[in-house]
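User: Please take a close look at one part of this model, the pockets and what lines them. Add a neighbouring contact if one ties in.

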Amino acid sequence: MTSNDPVVQGFWDELRGTTQARIGLGRAGTALPTERVLELAGAHAAARDAVHIPLDVERLAAQVREIGIGEPVLATSRATSREEYLRRPDLGRQPAPDTDIPESGADIGLVLADGLSPTALDRHGAALLAELVTRLRDRYTLAPPVIATQARVGLGDHLGEAARVRTLLVIIGERPGLSVSDSLGIYLTHLPRPGRTDADRNCISNVHPPDGLGYARAAQVAARLVDGALALGRSGVDLKDTSRTGTLAPPASDRT
């Protein structure tokens with residue numbers, strides 16, 4: 001709660017500047033002030049829109065094309081509508097029957113997936129991809145990018161296996177909340193194939209500058225995880241983010 005006391009009010013004002021959480025909102029009688037109620041309603045509407053407004057695939061494809069790593073391939077899951085996608089997560093993890101992904105045998109595969117926030121991919125996807133490509137293209141071969149709709153993370157396992165890539169990066173819209181509706185996550189899976197679980201992946205989340213993780217920092221962490229996955233021959237719980245130390249953590253089985 002807040003108070004008319006300027007010292008107390010100053011405390012909450014300063015604290016609110018450090019977080020996007022809703023704290024120190026004040027009160028009007030036994031309820032929130034009207035301004036805060038309207039802010040909450042607006043945030044709820046933004047979160048719903050982020051889930052339901054479809055991805056502008058043509059616009060994103062044009063942006064991805066300019067990055068220069070090949071003609072983007074379009075794919076979709078077995079979910080035939082947004083409503084079915086939300087009700088049936090399992091269908092979002094399986095490719096539609098007519099999906100055709102060219103085999104590349106590249107070191108790295110890159111999938112841009114709408115996930116639970118097409119808005120996030122629309123706002124940040126191309127810029128994040130460009131930063132990833134800048135850090136990876138001189139050291140690894142990159143498969144033509146895939147833009148996937150009605151997609152869950154697990155769809156990437158099918159797409160990566162079809163493309164025969166060694167390591168897969170899925171850039172996907174994260175579940176919106178009442179503070180952030182346009183956050184991206186990056187999921188790394190080494191030797192992707194159907195049946196992989198969350199324990200086989202590494203995740204970099206909360207990518208949404210300027211308030212979240214920036215593109216450059218996210219790409220730096222991802223590139224380091226790619227290095228580690230290729231060196232260890234696996235990803236997931238044995239692979240740690242060593243981007244700050246510059247050393248590879250040994251797998252758990254090798255530690256004493």
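Analyst: For the linings, Ala, Val, Leu, Ile, Met, Phe, Trp, Tyr, Cys and Pro count as nonpolar, Asp, Glu, Lys and Arg as charged, and the others, Gly among them, as polar. The model is predicted: local features need pLDDT of at least 70 and side-chain atom pairs 80 or more, while totals for chains, interfaces and linings use all residues. Residues are numbered from 1 along each chain as its sequence is written, and side-chain values use heavy atoms, without hydrogens or water.

The second largest pocket (an open set of 1 Å grid points where a 1.4 Å probe fits, with protein on both sides within 12 Å along at least five of seven lines; lining residues have an atom within 4 Å of a point) holds about 180 Å³, the space filled by probe spheres set on the points. Four nonpolar, three polar and five charged residues line this pocket. The charged ones include Arg16, Arg22, Arg36, Glu39 and Asp211. Thr19, Gln20 and Ser179 are also in the lining, as are Ala21, Ile23, Leu25 and Leu178.

The largest pocket has a volume of about 330 Å³. Of its 17 lining residues, Arg93, Arg152, Val153, Ile172 and Tyr187 are the closest to the centre. By class, the lining has six nonpolar, four polar and seven charged residues.

Tyr187 is also one of the residues that Asn202 touches (heavy atoms within 4.5 Å). Other contacts of Asn202 include Ile186, Leu188, Leu225 and Leu239. Asn202 is buried (under 20% relative accessible area), at 9%. Its side chain reaches the backbone nitrogen of Gly236 at 2.7 Å.

Key. Buried means under 20% relative accessible area, exposed over 50%, partly exposed in between (1.4 Å probe, protein chains only). A polar contact is a pair of N or O atoms within 3.5 Å; within protein, one must be able to donate a hydrogen and the other to accept it, and residues adjacent in sequence count only if both atoms are side-chain atoms. Lists of a residue's contacts leave out its neighbours within four places in sequence.
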